[in-house]
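I opened the model today to look up its helix packing, its cores and a few single residues. My notes follow in the order I made them.

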Amino acid sequence: MAELFDQAEEPEEASPAVETGATAVGIALDRARRRGKKPVGGDEEVDRFLAKQEGLIDDQRAHLHEQMAHMRLRYGLDRLKYITQAGVLLVGALVVIAVGWMAIDASRANGVVIKSFSVSPDLARLGVTGDVVASQLLDKLTDITDRSQTSAASGKFGAGWGQNISLQIPETGVSLGEVDRWLRERFGHERNLTGEIVENPNGTITLSARLDAKALPPQTGVAADLPQLILRTAELLYRREQPMTYVQYLGHLTGRTVEYEEVAREMIDSHDPVVRASGQGGLGIAAARRGDLATAQREWRAADAENAGLSWPAGNLAGIAQAQGRYEESLRLANRNMALSPHDPSETPEARTSAVLLAEQGKAYLLEDHGAALATAMALSQGDNLGLQGSRASLQARVAVFRALAHDGLGAESEANSFTPRGPEDAGLKAVDLMHIALARQDWASFVERFDAAEKLDPADTVGYAFTAFRANALAQLGRSADAQALIAPTPLDCQPCIVARGQVAEAAGRRAEADHWFGEASRMAPSIPGGPRSWGQALIARGDAAHAAAQFREALRRSPRAEEAIEGLGEALALQGDAAGAAKQYAAADKLTPNWGRLHVKWGEALAKLGKSDEARAQMKTAAELDLTQAERAELGSLKP
């Protein structure tokens, strides 16, 4: 152990470099101490040695500076080389990614490429070149897609080619476009539309076109008819290749009903269940427009039986059931429509959204949730008019109907009357909308008058037992009991609004026991619909039977908690029972759903006045005076004192 310690304590031998440095430092220090003294012999040699050492150090420092500069230059060049190499690799990777993306995109290409047509030199001299003909054909094909306002999804028999129709004009040289075109031809599924125009000996011209190798029927006419020949060629192409789009297109044209039904029947022979169902749907639409609801219902049930996951058969059948007064069935079908719409394989995403909104609107109407129905109508008016009748502008006019149902009658009238129809179809829809607005406002005389006008302009939209029921009630309220009874008597007993109307007609004639029977039957036959008990409650309120009225309104609210007429009716029943505070609470709840209801604010002001809240009562009465009121309601408002 002691040896170890002895070894550890021995000093290390200094290196020559350290010794040399120490010697130089010693000499320098010694020379410094002796500065200012007389020179001693031998110092000159030391000074010369030190001078040489200083020169050597200066040379070494200069050399070191050169080495550092060289190293910095080499470091910069190395960095530049690495950056260049990385850039080349990055560009190469981007090129590979771009080409790969183009290849993937090309593999998904499934549209139509229109190539330049062959034309005779004489036509070319007149400006009718092959490129011009191809461009005009592209315009016609695009116009068909746009005018179809189709809701069908793209695909083998989808909603037309839309943006997948392109014009191909030959180019010279190699470009990125040429690479993309080569990839599409190599990996894609695009089809080439080619053709020619030839001059006939008799002075006419013949336009021939073919999609790949499959020719279309040639179109012949005089040169001046070329635009029509091109249009007919475009229509024939869509009819053969995209029947679902073409039938939608025909549906928006007047005078093409026969061809519309012909195409629909052709679609029924398809091997694709979606196309077959769409063909049956088209025949159903044609029947409905003729007012033949029985045939329409049969065709739509056949479409539904295809089990293709389509939502619109359930939606159309829900509309038929509603028009025929089978409200419980209509509600069930509306729920089914809502469940199928988000996944409908035949619809575009936009059309699915519209389909869901339409289903929600129909359901809200049946459940008398008119605030929600108005909200969906407003949402629909902001979108495209996919699969609906009339112009896109007519969607805004339809908002007016639901505004009236939400008890904003003055706003609804103004909105509907501001709409300028863009054709006969729009004119008919406007007449129907005005009829519904008068009904919602309980303007019975205007309703009867407008019903007659709408029946002439748009008979298909006034067909159905539900309309018969509404008209019968209007006649009863106008004191025409005999006419009302004669109108309602033949209606079927599975029509829920017809049963309600039987009760209303009997009530207007003073036959209360009979009225109670029909109201009770209407409530029983549609256990999910609030209209039966709500109508019964309103009749009981008019009789002054507040207790039984309150029970009926509560039953209506059990079925549909947002039915604002039942909420307001319960408030009136509570007010008759002396519960002004409870009545005010119900009126406040109804106001959140339909704030522009004049009658509601009259009754609310009355309840607040009974509670001694004069300022609040006065505010409600002022609001009511600015809103839509019947003559009786305005007279009641005038008699109130806050």
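I take helices as DSSP runs of H or I with at least four residues, numbered from the N terminus. On that basis I place Ala484 in helix α21, residues 481-488. I keep in mind that this is a predicted model.

**Entry: Ala484**

Is Ala484 buried or exposed? I read a relative accessibility of 0%, so Ala484 counts as buried. I then listed its contacts, leaving out residues up to four places away in sequence. Ala484 touches Ala472, Leu475, Ala476 and Val505. I also checked a distance to Gln504, 20 residues along the chain from Ala484. Their C-alpha atoms are 9.8 Å apart.

**Entry: the whole chain**

I stepped back to the totals. The protein has 642 residues, and 44% of them are buried. I find 30 helices and seven strands. I also looked at contacts between residues at least 6 apart in sequence. Of these, 55% join residues at least 24 apart.

**Entry: the cores**

Which residues touch the most other members of the largest nonpolar core? I note Ile114, Phe117, Leu137, Leu141 and Leu193, in a core of 50 residues. Helix α7, residues 226-241, gives the largest share of this core, with seven residues. I recorded a second core, apart from this one. That core has 39 residues, among them Val500, Trp536, Leu608 and Met621.

I followed Phe117 further, setting aside its neighbours within four places in sequence. Its contacts include Gly130, Val133, Ala134 and Leu137. Phe117 also meets Thr194, Gly195 and Glu196, then Leu207, Ser208 and Ala209.

**Entry: α10 and α11**

Two packed helices are described by the angle between their axes and the distance between the axes. I looked up both for α10 (residues 273-289) and α11 (residues 293-305). The axes come within 8 Å and cross at roughly 170 degrees. An angle over 145 degrees counts as roughly antiparallel, so α10 is roughly antiparallel to α11. The crossing is left-handed.

From α10, the contact uses Ala277, Gln280, Gly281, Leu283, Gly284, Ile285, Ala287 and Ala288. From α11, I list Thr295, Ala296, Glu299, Trp300, Ala302 and Ala303. By class, I get nine nonpolar, four polar and one charged residues.

**Entry: α23 and α24**

I repeated the lookup for α23 (residues 512-525) and α24 (residues 531-543). Their axes are 7 Å apart, at an angle of about 155 degrees. The two helices are therefore roughly antiparallel to each other. This crossing is left-handed.

On the α23 side I list Arg512, Ala515, Asp516, Phe519, Gly520, Ala522 and Ser523. On the α24 side I list Gly532, Pro533, Ser535, Trp536, Ala539 and Arg543. The classes are six nonpolar, four polar and three charged. I had met Trp536 before, as a member of the core of 39 residues.

**Entry: positive phi**

Where does Asn307 lie? I find Asn307 in the loop between α11 and α12 (312-323). Its phi is positive, about 55 degrees, although Asn307 is not a glycine. Its relative accessibility is 66%, so Asn307 counts as exposed.

I noted Glu368 next. Its phi is near 60 degrees, also positive in a residue other than glycine. Glu368 is in the loop between α14 (349-366) and α15 (370-381). With a relative accessible area of 9%, Glu368 is buried.

Definitions and conventions
Residues numbered from 1 in each chain as written. Predicted model: local features only at pLDDT ≥ 70, side-chain atom pairs only at ≥ 80, totals over all residues. Heavy atoms only, no water. Axes fitted to C-alpha atoms, helices over the stretch in contact; angles between N-to-C directions. Parallel < 35°, antiparallel > 145°, perpendicular 65-115°, else oblique. Left-handed = near helix turned anticlockwise from the far one by under 90°. Contact = heavy atoms within 4.5 Å. Nonpolar A, V, L, I, M, F, W, Y, C, P; charged D, E, K, R; others polar. Core = buried A, V, L, I, M, F, W, Y, C linked by side-chain atoms within 4.5 Å. Buried < 20%, exposed > 50% of the residue type's maximum accessible area, 1.4 Å probe, protein only.
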